[in-house]
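Colleague: Could you take a close look at the salt bridges in this one and walk me through where they sit?

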Amino acid sequence: IMSYLPFTAVKKVTSVVPTVEFDATTPFSVLNLSVPSDIVEEGKPSTLKSLVITPSTPSNFSGALAGSGEINADSCSFVLSSNHSNSITVTFPDGGLKLSEANTVIPVVILPLTVPADGFDIEFNDIDGSSNQTSFLSQDSDAGTKIVAGSIYNVNITRSSDGVVPVTFPV
């Protein structure tokens, strides 16, 4: 997914130099969602048609998960336009995304944000029409966490909102 993100690099030079190093940055963040294979129905591997991320309590979230804007090449900053959204829908290609591993990592690009109280809800929709909704980053200790530009943030998703990651034996 990093190969699809836009990056900017700026270096001011006062003389001709044969090699100039650039510090490449991106104005976006990546959530690596570690999703159990049976996220939709317990004990049955899922084939996802889509997933939808929204704030659990919209009034607690003052940021944006997605949006359009412009990159200022001089300051390497992203200026969000008025076209932004508090939700992200990821639709997988025909045939869906088969979750065959015990946990499959699904990278999702987001705008930098501060995690709101109550975190985020995520709904998984299977190709057979079944769905399951759970939450993540919803513990009290998660509230206020800053997910900054250029960062990759790993998140374990569980079938329920209790934060307990089930273990299959033998380990």
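Modeller: Sure, let's start with R159: its relative accessible area is 27%, so R159 counts as partly exposed (buried is under 20%, exposed over 50%, partly exposed in between, with a 1.4 Å probe and protein chains only). Before going on, bear in mind that this is a predicted model, where local features need pLDDT of at least 70 and side-chain atom pairs count only at pLDDT 80 or more, while totals for chains, interfaces and linings use all residues. Residues are numbered from 1 along each chain as its sequence is written, and side-chain values use heavy atoms, with hydrogens and water left out.

R159 pairs up with E42 in a salt bridge, with 3.9 Å between the closest N and O atoms; the term takes a side-chain nitrogen of Lys or Arg within 4 Å of a carboxyl oxygen of Asp or Glu. That pair links distant parts of the chain, 117 residues apart: E42 is in the loop between β1 and β2 (47-55), R159 in the segment after β12 (152-156). Strands here are DSSP runs of E, at least two residues long, numbered from the N terminus. E42 itself is exposed, at 63% relative accessible area.

The structure holds two salt bridges, and D128 with K44 makes another, the closest N and O atoms being 3.2 Å apart. K44 lies in the loop between β1 and β2 and D128 in the one between β9 (120-126) and β10 (131-136), so this pair ties together parts 84 residues apart in sequence. D128 is partly exposed at 43%, and K44 is partly exposed at 36%.

Terms used: Helix = DSSP H or I, 4+ residues; strand = E, 2+ residues; numbered from the N terminus.
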